[in-house]
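Take a look at the chains below and get a feel for how they are put together. We'll walk through the sheets, then see how the copies meet.

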Amino acid sequence: MRNPQLNEKGDLQHLLNVEGLPREHLVRILDTAASFVGVTERDVKKVPLLRGKSVFNLFFEPSTRTRTTFEIAAKRLSADVINLNISTSSQSKGETLLDTIDNLAAMHADMFVVRHAASGAAHLIARHVAPHHHVINAGDGRHAHPTQGLLDAYTIRHYKSDFSRLSVAIVGDILHSRVARSLIHALNILGTPDVRVIAPQTLLPTGVAQLGVRVFHNMNEGLRDVDVVVMLRLQNERMKGPLLPSAQEFFKCYGLTAEKLALAKPDAIVMHPGPMNRGVEIDSSVADGGQAVILPQVTFGIAVRMAVMSILGGGS
Amino acid sequence: MRNPQLNEKGDLQHLLNVEGLPREHLVRILDTAASFVGVTERDVKKVPLLRGKSVFNLFFEPSTRTRTTFEIAAKRLSADVINLNISTSSQSKGETLLDTIDNLAAMHADMFVVRHAASGAAHLIARHVAPHHHVINAGDGRHAHPTQGLLDAYTIRHYKSDFSRLSVAIVGDILHSRVARSLIHALNILGTPDVRVIAPQTLLPTGVAQLGVRVFHNMNEGLRDVDVVVMLRLQNERMKGPLLPSAQEFFKCYGLTAEKLALAKPDAIVMHPGPMNRGVEIDSSVADGGQAVILPQVTFGIAVRMAVMSILGGGS
Amino acid sequence: MRNPQLNEKGDLQHLLNVEGLPREHLVRILDTAASFVGVTERDVKKVPLLRGKSVFNLFFEPSTRTRTTFEIAAKRLSADVINLNISTSSQSKGETLLDTIDNLAAMHADMFVVRHAASGAAHLIARHVAPHHHVINAGDGRHAHPTQGLLDAYTIRHYKSDFSRLSVAIVGDILHSRVARSLIHALNILGTPDVRVIAPQTLLPTGVAQLGVRVFHNMNEGLRDVDVVVMLRLQNERMKGPLLPSAQEFFKCYGLTAEKLALAKPDAIVMHPGPMNRGVEIDSSVADGGQAVILPQVTFGIAVRMAVMSILGGGS
């Protein structure tokens with residue numbers, strides 16, 4: 001079976017998942033993103049690469065922040081952007097998902113940015129559309145969030161350069177995190193020798209070790225001598241759920257404090273996909289401290305999304 | 001009384017209704033649309049005809065799909081587009097409709113695209129504004145949906161050319177359909193000799209025959225030898241209402257199946273304004289079959305809206 | 001302490017409040033606005049002053065009308081505009097206001113237009129951001145609405161030229177009105193000798209006289225020989241509240257009728273920030289009469305917002 005993300009010539013047609021993304025495509029996205037970091041710092045933050053293209057933000061579940069990052073990225077590439085909140089739209093009128101997509105495709109949409117609560121929704125759409133349409137997965141269920149994984153990889157490369165010598169720890173709710181999953185795949189593809197996950201047993205997926213990671217339940221052990229600490233967001237609904245005793249308890253065991261961070265390498269960086277729960281998964285002194293690169297992640301995130309869109313759209 | 005859609009010089013100032021639209025204006029819209037079909041297939045799908053113009057999408061009732069088509073059309077003409085969902089806005093603050101319009105006009109709006117639950121709302125606004133403002137009716141109550149009627153006419157002309165020899169059947173909920181009404185007027189203006197409506201008595205408006213159509217209650221009779229079959233959407237609320245026994249029953253009598261379609265001419269085309277209820281008014285085998293031109297309708301719809309906007313805006 | 005609206009060189013960095021705005025900055029905004037009135041009347045209503053800049057409309061409380069005026073102003077300056085309705089977004093995910101701002105700043109936002117129910121929210125954000133970000137207060141609690149105050153001042157200057165000879169009466173719900181507060185400061189800065197407020201005791205803030213205004217409870221006295229009458233909107237929630245007997249009663253005492261307006265100078269102008277409650281604070285014969293300049297206020301409002309944005313953004 002052909003790689004669902006590539007077209008017949010082996011070019012990137014869709015971005016659905018970091019898993020299965022050939023290394024050269026992943027590296028090309030990071031390299032292209034580097035060229036856009038400069039653009040976003042210019043006075044006129046615009047390039048005409050997608051002029052006259054129509055980008056549709058299809059959000060079947062709301063996510064203002066993610067939608068905003070794609071909207072900005074597309075506008076800085078000079079595309080026309082249409083925001084569609086589909087939950088309040090045709091879906092409630094009894095139309096099937098693929099009929100909705102066919103309709104938008106018939107309006108000559110060039111690119112669909114898809115956020116959906118169901119794992120595999122973006123894949124389904126990608127399999128369905130004609131070769132001149134492009135699909136970007138902006139988060140599907142617990143499955144994948146590839147642009148987040150790529151911006152995390154970009155951030156690590158920016159600060160640490162050589163993946164072949166790195167220890168990376170990912171901490172928190174691995175079970176429900178498409179962010180963790182996409183990052184682990186990116187780290188594997190880039191040849192990171194030591195990827196660790198640190199979480200209570202209840203917040204780990206079964207078979208997590210098959211992803212090529214080392215599992216820790218104790219933060220003091222897991223953080224020892226790592227170069228990168230990635231803290232995950234604890235969703236509000238988990239805090240009251242059966243998987244955890246309480247937010248306070250979680251912070252005590254798995255929240256990142258300055259004391260725990262001291263176990264990592266002195267120049268370790270601290271990442272977080274946002275939005276942060278200060279005092280739950282991360283202490284404010286760390287979030288605002290000198291090792292945090294949480295805001296640069298956001299900046300790089302725009303550049304990575306511009307890179308993905310421009311590569312898919314045929315520019316760059 | 002002057003035609004409310006024309007200005008003093010006889011130019012098109014507003015698009016409110018297909019009824020009463022002089023034939024030469026209707027044909028000019030279709031001809032102009034033809035030139036835009038090419039634009040939407042280009043790599044850079046943009047022309048500068050409305051650059052610097054402000055188009056306001058005023059949606060007093062929600063309709064993501066219709067709003068999207070106008071938004072895309074306006075952006076491809078390089079206009080600035082402002083989306084206003086008025087139900088959540090000033091209307092609830094006690095302001096009158098015409099005060100709202102006066103305010104937006106004072107912001108130098110060039111064009112209002114109006115969707116409203118009340119029949120005649122677009123006419124009211126058009127009568128009120130100054131001559132340099134333009135109003136497009138994007139659906140008012142059960143009354144009219146002229147751009148839909150025009151895109152249906154465009155589609156029929158595209159596939160069948162000569163209206164003077166055509167038989168067209170419109171099937172389903174004629175009573176509540178502004179789509180049917182606008183199409184019937186367009187077909188009459190273009191000289192279609194045989195326009196049929198097929199529906200149960202409960203879904204026909206009183207005096208429907210005065211629109212110049214032949215009425216059928218039986219699909220097998222009504223579809224015989226037609227060139228065009230237009231299926232209407234059955235609104236969800238009708239399916240449970242007092243006018244119909246059930247959706248299943250409706251499908252049995254008035255749903256379009258391959259078997260029923262075989263009664264039409266072999267080269268008959270099948271149209272539907274969308275969104276479709278598969279298995280209610282149309283069988284999937286027909287919706288996805290070779291005679292369906294439902295997706296081309298969507299594509300032509302963008303071109304027709306670009307044509308209307310560019311003619312009103314003084315371009316083209 | 002440095003003026004929070006100015007940067008180290010004394011240039012305008014934020015627009016937070018008319019109070020404390022140095023006179024030369026206020027006059028420069030009005031002068032710049034005058035140059036944009038011409039732009040909005042041109043066929044192509046666009047200038048490239050903010051091309052490639054990103055303007056974020058951050059509305060923590062909904063206000064379609066105000067959001068629309070800033071969106072139009074920004075688009076006519078060729079900026080990219082991102083609308084964020086924050087109440088439905090990260091705030092509900094437990095993120096702090098300043099974390100939200102930091103995130104958007106990291107996306108290289110150039111300008112934040114902030115509407116918030118809490119007085120001082122825009123100031124808080126302005127104090128927090130780096131010097132290359134700009135904050136415009138689009139209304140914070142009962143505190144300030146500086147662009148409204150400026151457009152009111154612009155309107156008065158347009159019709160009356162010389163502030164040093166004017167009598168201005170502001171009528172109605174002064175207590176809850178950020179509009180009144182901003183206008184009073186503007187009139188003081190511009191040297192208006194006679195500013196009056198007319199309201200029942202229950203709708204006046206304590207210590208109102210310290211703003212340099214004369215207080216009237218009787219309209220017939222307060223309106224005598226004024227050059228400008230500014231009617232305030234009576235919020236719906238006040239009409240049923242404990243501060244007022246009824247809307248009818250309010251209209252009888254404080255609604256502007258032709259009869260009462262006759263007490264003002266014959267060439268007095270009538271202003272209202274909108275949306276109007278006809279028959280509550282203003283009679284229709286006055287609202288639609290020859291002395292009303294309510295719609296020109298809207299037109300000038302776009303030009304004033306363009307002026308503020310272009311000055312902050314470094315253009316003009």
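Which residue stands opposite B:Val197 in E7(B)? Keep that in mind while we build up the sheet around it.

## What you're looking at

This is a predicted model, so it comes with confidence scores from the predictor. For the complex, the predictor gives an ipTM of 0.92 and a pTM of 0.94. Chain A has a mean pLDDT of 93, with 97% of its residues at 70 or more.

Chain A is built with 12 helices and 9 strands. Its C-alpha atoms fill a box of roughly 55 × 40 × 40 Å along the principal axes. Is that the spread you'd expect from a compact globule, or what should we compare with? For 316 residues, a compact globule would have a radius of gyration near 20 Å, and chain A agrees with that at 19 Å.

## The five-stranded sheet

Back to the opening puzzle: the partner standing opposite B:Val197 is B:Val215, in E7(B). The two strands involved are E6 (residues 194-198) and E7 of chain B, which run parallel and are joined by 3 bridges.

They belong to an open sheet of 5 strands in chain B, with the order E7-E6-E5-E8-E9 and parallel pairing. The edges are strand E7 (214-216) and strand E9 (269-271) of chain B; each has a single partner strand, so one side of each is left without a neighbour in the sheet. On average, neighbouring strands here are turned by 20 degrees against each other, ignoring direction.

A helix joins the picture too. Helix H6 (residues 178-189) of chain B lies across strand E5 (167-171), E6 and strand E8 (228-231) of chain B, and it runs at about 170 degrees to E5(B).

## The four-stranded sheet

Chain B also holds an open sheet of 4 strands, ordered E2-E1-E3-E4, and the pairing is parallel. At its edges you'll find strand E2 (80-85) and strand E4 (134-140) of chain B, each with a single partner strand, so one side of each has no neighbour in the sheet. Neighbouring strands of this sheet are turned by 15 degrees against each other on average, direction ignored.

Let's zoom in on one pair. Strand E3 (residues 111-116) of chain B pairs with E4(B) in the parallel sense, over 5 bridges. Within E4(B), B:Ile136 stands opposite B:Val113. What holds such pairs together? In general, strands of a sheet pair through backbone hydrogen bonds, either parallel or antiparallel.

## How the chains meet

Start with chain B against chain A: the contact takes 23 residues from chain B and 19 residues from chain A. Helix H2 (64-76) and helix H12 (294-312) of chain B each supply at least two residues to this side of chain B. H2(B) gives the largest share, 7 residues. By type, this side of chain B divides into 8 nonpolar, 8 polar and 7 charged residues.

Now turn to chain C, where 19 residues of chain B are in contact with 23 residues of chain C. Here E2 and helix H3 (97-106) of chain B are the elements giving two or more residues, and H3(B) has the largest share with 4 residues. This side of chain B has 4 nonpolar, 9 polar and 6 charged residues.

## Spinning the copies

How do you get chain B onto chain A? A rotation of 120 degrees, with 0.1 Å of shift along its axis, superposes them with an RMSD of 0.0 Å. The two copies are thus related as by a three-fold rotation axis. Chain B goes onto chain C by a rotation of 120 degrees with 0.0 Å of shift along the axis, again with RMSD 0.0 Å.

Methods. Residues numbered from 1 in each chain as written. Chains lettered and ligands numbered in written order. Predicted model: local features only at pLDDT ≥ 70, side-chain atom pairs only at ≥ 80, totals over all residues. Pairing = 2+ DSSP bridges. Axes fitted to C-alpha atoms, helices over the stretch in contact; angles between N-to-C directions. Contact = placed C-beta atoms within 7 Å. Nonpolar A, V, L, I, M, F, W, Y, C, P; charged D, E, K, R; others polar. Least-squares fit on C-alpha atoms with pLDDT ≥ 70 in both. pLDDT = per-residue confidence, 0-100. Rg over C-alpha atoms; globule rule 2.2 N^0.38 Å.
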